[in-house]
Amino acid sequence: MFVRELNIPVRSIKGIGERKALKLCEAGIIDIAAVLTRFPKDYEDRSRSVPLIDYNKQRNICTVAQVIAHSTFRFKGELRTKIVIEDETARAVIPCFFKGDYLAKKLVVGDEYRISGHFERNKYGELQSTRIDFEEASITGASSKFGGILPVYYYSDNERNKLLRGTVLSALTLYANNIEDELPQEIIKSEALFSKSRALYALHFPQSMTELETARKTLVFEELFFLEIIVGRRRRRGAAPAQEYSASTTRTLQKKLESRLPFALTNGQRKAIDEINADIGCAVPMARLLQGDVGSGKTLVAFFAALAVIETGAQAALMAPTELLARQHAETAANLLEPLGLRVAFLTGNIKQTGRKPLLTALKNGEIDFIIGTHALFSRDVTYKKLALAIIDEQHRFGVTQRESILAKGNGVSLLMMSATPIPRTLAMTIFGDMDVSVIHDMPPGRKPVITHLARGENEMRVYEFVRDELNAGRQAYFVYPLIEQNDELALKDAESMQKRLSNEIFPQFSSELLHSRINEEEKRAIMRRFRLGETKILVATSVVEVGVDVPNASCMVIEHAERFGLSALHQLRGRVGRGTHQSYCFLIYAQKESIELAGTYAELLTNEERSREGKRLMVMLNETDGFAIAEEDLKFRGYGEITGTEQSGFMRLGIADPLRDLAALERARKLAFAILDEDPSLSLPQNSVIARVLQRSPPFLTA
Ligand code: ADP
Ligand code: MG
């Protein structure tokens, strides 16, 4: 029998009476299937003990420590006992908030205990756990509560944790042996997975962390496999018999453009263009994600893609997330493509009615081949004569729903999304599961890697002096700040004040300008133009320069309060320099906030780890130049939801798989699923399976 068929009420388990059943029901668990698929959020590894100093703010640790004293503290005006424990690495306290707490009687001074607790620094800087589980260290064998790996279903509800652990264990004992696999046996074998029954067992009660890994891998793979079966079936339905567009294969325009370029295409660019050409030659609209690190030359690939459709007499549109970037693309396109006879236009929300009307008419009449702009390109009053390709630059800046309004602008519109971060790709694969991916792995030749330095706030002058030398040599510099203007609550430098300071005190002989999101578009454009032309030497900005801005003569990127930026953002900012032939530099100036705030009371109590966390995070920028690796590191420091936006935007959530963390499995599952569909297009999903449930919760376009 399959897990999902175990719709047997929990009451059928011995020991689950009305009261417990009610508790479980409150937690959304009514039948055995639900019990078994309520996967642990975490595990408490009681199989080994860790030193106190390695306490973890996020979770319980299991440690062995000696009680060295019973001390006191005041709680609501009354004296209470506080138990002081110690191992070789640290000292910690366990406060007893209740009068006559039994802990004080059980934990004897001088004795050693195994203790599981959630330790954190309290406001006095002491390590403290307010709730613990413990036993005497002398206890061994079967009577020990410790020694295994415990599932954690709730972080803050110990009672429910215990109830669920017991229920799961009973359910497994009763039913696990009869559970059938849903994945084909060949896959279980070839992927070295567990049977479903063993996987479930080990996921709840693993014998070891390695067993847990395989259990998780099994269930993740199952989920992703069926997800990709759906994606594959949908893709097939869309795949009408492919027919070549007869005229499109001469690629005259592309050849012309290539011959006009002052440089050769990189291998990565060429490969991406080939893949796009192959897609555009088919009757099925393309859906492709083009990934390449900052500076890898994605824009040019986009232009080649546009030429492929324009040559067939259709139109192409390129959408950028900011007006600044759209404007820059439009200028580049005008330079490169107008000489080929293309009619290029620029449209944003800021273009007023007088200019807008004729433009829209021209677009509707097919007098424009290539239109570049912001999301205004897809607003309601815009009609295309024959839109064949929509290109989205920096696609992670746009919401998923925008895709729909874009595709609605034509019949069978092809989609090319461009991104420098690996995150959206994963999301794209799950959400728009039918995306193909092209990756540019190489960089245009002659790029010297940007030299990156970390500097503490108090060393700012040394950085400024360095930049002065570069400016004297004719180069230009960016200075980036986390705030536009001064904020009394935050002791941070801001772009506005710093622009004044830099131009009045530090670099009076060099012209500088201020750029941020509140400056109106026309002014922004003028500022960027002056910087591009080299009339302005220093651009003081917020992260608005993060995306896509291209000024090859700029050789210095100074980011102050680098601690306020995510690593991926820092990488994007750094990508603004190193675009020309000159050696470029990036300075990350950071303030050690923690050590300043905490200096008084208990700075000496901070572990080295706590103290150096910020430095460590930024160190990644010194050692890594690969944007993909940086994004991975960013994940480690910031957590998934924060980066992908999945938490907030309520994208499809899967049961156990996490498309980001499980990317490799996702790709593998996809390959297998597609291969299997090739053999047997009628392969269907298990009724009522996890995937079927997921589909009920997911946005409609997934089921389309
Ligand atoms: P990104 O991939 O970050 O969008 P861009 O498309 O802005 O990168 O390209 C960055 C710079 O590299 C541009 O100045 C562009 O002209 C230049 N470039 C693009 N392709 C090549 C190439 N094959 N050889 C040399 N320079 C190139
Ligand atoms: Mg770009």
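Strand S1, spanning residues 42-45, is covered on both faces. Asp42 and Glu44 lie on one side of the strand and Tyr43 and Asp45 on the other, and all of them are buried. The model described here is predicted. The pairing partner of S1 is strand S9, residues 149-152, and the two strands run in the antiparallel sense with four bridges between them. Within this pairing, tyrosine 43 is placed opposite proline 151 of S9.

Burial also characterises helix H18, which comprises residues 567-574. Eight of its eight residues are buried, so the helix is largely enclosed by the rest of the structure. The buried set consists of Leu567, Ser568, Ala569, Leu570, His571, Gln572, Leu573 and Arg574. The loops on either side of H18 also contain buried residues. Histidine 561 belongs to the loop between strand S21 (554-560) and H18. Its relative accessible area is 10%, and histidine 561 is therefore classed as buried, the limit being under 20%. The backbone of histidine 561 has a phi near 55°, which is a positive value in a residue other than glycine. Arginine 579 is found in the loop between H18 and strand S22 (585-590). With a relative accessibility of 17%, arginine 579 counts as buried. The C-alpha atom of arginine 579 is separated by 9.6 Å from that of proline 449, although the two positions lie 130 residues apart in chain numbering.

A positive phi is also found at lysine 76, where the angle is near 50° and the residue is again other than glycine. Lysine 76 is located in the loop between strand S2 (61-75) and strand S3 (78-86). Its relative accessibility of 74% means that lysine 76 counts as exposed, for which the threshold is over 50%. Histidine 561, in contrast, is buried.

A further buried position is valine 301, which is part of helix H10 (residues 298-310). Valine 301 counts as buried because its relative accessibility is 0%. The C-alpha atoms of valine 301 and arginine 270 are 8.1 Å apart in space, and the two residues are 31 apart in sequence.

Charged side chains were examined next. Side chains of opposite charge can pair when their charged atoms come close. Over the whole structure, the search returns 29 salt bridges. One of these joins aspartate 279 and arginine 288, with 2.8 Å between the closest N and O atoms. Aspartate 279 has a relative accessibility of 16% and so counts as buried. Arginine 288, at a relative accessible area of 7%, is buried as well.

A second salt bridge connects the side chains of glutamate 460 and arginine 501, with an N to O distance of 2.8 Å. This pair links distant parts of the chain, since glutamate 460 is in helix H15 (residues 460-472) and arginine 501 is in helix H16 (residues 495-506), 41 residues apart. Glutamate 460 counts as buried at 14% relative accessibility, whereas arginine 501, at 22%, counts as partly exposed.

A third salt bridge is formed by arginine 530 and glutamate 513, whose closest N and O atoms are 2.8 Å apart. Here too the pair links distant parts of the chain: arginine 530 is in helix H17 (residues 521-532) and glutamate 513 is in strand S19 (residues 512-515), 17 residues apart. Arginine 530 is partly exposed, with a relative accessible area of 25%, and glutamate 513 counts as buried at 17%. Beyond individual pairs, salt bridges that share partners join Glu460, Lys493, Arg501, Glu505 and Glu560 into one network. The network thus includes both partners of the bridge between glutamate 460 and arginine 501.

Charged residues also form a patch at the surface. Glu88, Asp111, Glu112 and Glu136 make up a negative surface patch. Among them, glutamate 136 is located in strand S8 (residues 132-136). Glutamate 136 has a relative accessibility of 43% and therefore counts as partly exposed. This value satisfies the patch criterion of over 30% relative accessible area.

Technical notes. Residues numbered from 1 in each chain as written. Chains lettered and ligands numbered in written order. Predicted model: local features only at pLDDT ≥ 70, side-chain atom pairs only at ≥ 80, totals over all residues. Heavy atoms only, no water. Patch = residues over 30% accessible without salt bridge, like charges linked within 9 Å, V, L, I, M, F, W, Y side chains within 5 Å. Areas by Shrake-Rupley, 256 points an atom, 1.4 Å probe, with all protein chains shown as cover. Salt bridge = Lys/Arg side-chain N within 4 Å of Asp/Glu carboxyl O. Lys, Arg positive; Asp, Glu negative; His and termini not counted. Charge placed at Lys NZ, Arg CZ, Asp CG, Glu CD. Buried < 20%, exposed > 50% of the residue type's maximum accessible area, 1.4 Å probe, protein only. Pairing = 2+ DSSP bridges.
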